[in-house]
Structures are given as structure tokens and as C-alpha cells.
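Work through the following exercises with the structure open beside you, and try each task before reading its solution.

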Amino acid sequence: MSLSRVLVRGSRRRSTSHRAVLLTAVAVTAALTLTACTDGSGGSKSAKSSGGGYVTGETGISTVAQADRTAAPKLDGETVDGKTLDTTTLKGKVVVLNIWGSWCPPCRSEAPYFAKVSKELADAGKDVAFVGINTRDRSKQNATAFEETYGITYPSLFDPDGKLMLRFPKGTLNPQAIPSTIVLDKEGRIAARTLVAINDEQLRSMIDPVLAEQ
């Protein structure tokens, strides 16, 4: 066989191998995109201490003991419906913060559960306030349509550039993905967090223990 044919065949093999690697990478990226809108470092750990004072369970929900909690930052500004909101005025209540975007498929999948649980707790007269943080939506119209579609009745701060998310101290249970959900205790401290879409049972498992605290 001539040297030129050997070189051609070798080049074809390398090209085929390169295409295979590229296709595999694309497939992995697509799978991750379907799992979450943005990648967080929370992951799913089995009751393992993070070294940051919190523990992450098998469901990916992280919790902090009362004595180790950090105060949440002040989150304030204009809401999607044009009003104003300051979360520091909600002290005395358990506060559920949900970071979402109308463009985010996992946010759409969990939205009905948030609408359901927020209504259930309000009807039961529980001291729980739900607050959304709408991010990376350039149009309030898209955010409003999302809330109407899924029956979201609680307010959402409009944060198109994600600046409110950056107010959370590093090393705490800060939001690192979209969606993220954070539960604050009645003193305004970070008690629990998840970096993935959740259902109603998982949401109640974050809220109920904090609500029951004395």
C-alpha cells in the first residue's frame, strides 16, 4: 500500500474519532441543559456536611442548624407588577424565595407546585411569605404572562441582570442556579436551599420544619 493511502486512511480515522467525541460532548451538554437552566454546585449529596455550616441531603436540599445560620441580604426593588418590595419588612414570617425565569423549562415545571403550596399556606393562615425573583427576563410582559399562566399570586422582584442574586454572601446557601429556592427563618436568616426544580412535597419539606421552630 502506498504511503499516500496510509496517510489518507489515518486522516479519515482521526476525523471520524473527532466527530464522535464532538457528538458525545453535544449530547452531554444537551442532557445538562434539560436538567437545569444554569448549573449550580449544589448537586445531590447524601447527608454530607459541606464545610460551610450546612448539610445537603439525598434530594439536594441543604439545611442549616439554627445556631449556624447567616442573615440573608436585603432584597428590594421593583416587582414584576410595578410595585415595590423590601424583604426585610417580612421578618417575623418564614420567607420562601424562588429564583425563576419565564424562559427556563425547570422553572415552568415547578411553578404549579409553588402556586399550590403558597395558596394552601395562605388559606391555613400560616406565617409564610412567598417572594419570587424573576431574573434574565428582559421584558416584564414575559414574566407577567408566566405568572398568569401558572397562577402565581405572590409578588416577584424584577431582576433582569441577576444583581439581587449577587447580594448573597459567598460561602453561604446562596442561589447558584436557575431555578433556586431559599427558605428564610422568622429572623431573616438562611435556613434551607435547593438548586433544582422541586415538587410540592419537597417544598413543604423545606418550609414545615422552619415554620415549626420556636
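**Exercise 1. A residue in a loop**

Find R136 in this predicted model, state which loop holds R136, and decide whether R136 is buried, partly exposed or exposed.

Solution. Begin with the position: R136 is found in the loop between β7 and α3, the helix of residues 140–150. Next, look at the backbone, where R136 has a positive phi of about 65° although it is not a glycine. Finally, take the relative accessibility of R136, which is 46%; because buried means under 20% and exposed means over 50%, R136 counts as partly exposed.

**Exercise 2. The two sides of α3**

Determine which residues of α3 are buried, and explain why they can be said to line one face of the helix.

Solution. First list the buried residues of α3, which are A143, F146 and E147. Then look down the axis of α3: the buried residues fall within an arc of 95°, so they line one face of the helix. As a third step, turn to the other side of α3, where Q141, E148 and T149 are exposed. What covers the buried residues of α3 includes β6, α2, β7 and β8. To complete the picture, examine both ends of this helix: S139 caps the N-terminal end of α3, with a side-chain oxygen 3.1 Å from the backbone nitrogen of Q141, while G151, just after α3, takes a positive phi of about 70°.

**Exercise 3. Helix α4 and its neighbours**

Describe the span of α4, and find out which elements its buried residues pack against.

Solution. Start with the span: α4 runs over residues 200–211, and its 12 residues reach 16 Å from the first C-alpha to the last, close to the 16 Å expected at 1.5 Å a residue. Next, identify the buried residues of α4, namely D200, L203, M206, I207, V210 and L211. They cover an arc of only 130° around the axis, which puts them on the same side of α4. These buried residues pack against β3, β6, α2, β7, β9 and β10. Lastly, N199 caps the N-terminal end of α4, since a side-chain oxygen lies 3.1 Å from the backbone nitrogen of E201.

**Exercise 4. An enclosed space**

Which element supplies the largest share of the lining of the largest cavity?

Solution. The count comes to 1 cavity of 30 Å³ or more, and about 50 Å³ of space lies in the largest cavity. Its lining includes N98, W100, C107 and F146. β6 and α2 each supply at least two lining residues, and the largest share, 4 residues, comes from α2.

Key: Residues numbered from 1 in each chain as written. Predicted model: local features only at pLDDT ≥ 70, side-chain atom pairs only at ≥ 80, totals over all residues. Heavy atoms only, no water. Expected span 1.5 Å × (residues − 1). Buried < 20%, exposed > 50% of the residue type's maximum accessible area, 1.4 Å probe, protein only. Arc of directions from axis to C-beta. Contact = heavy atoms within 4.5 Å. Polar contact = N/O pair within 3.5 Å; in protein donor to acceptor, adjacent residues only side chain to side chain. 1 Å grid on protein atoms, 1.4 Å probe; cavity = no way out; pocket = protein on both sides within 12 Å on 5 of 7 lines; lining within 4 Å. Points joined across faces, edges and corners; volume = space filled by probe spheres on them.
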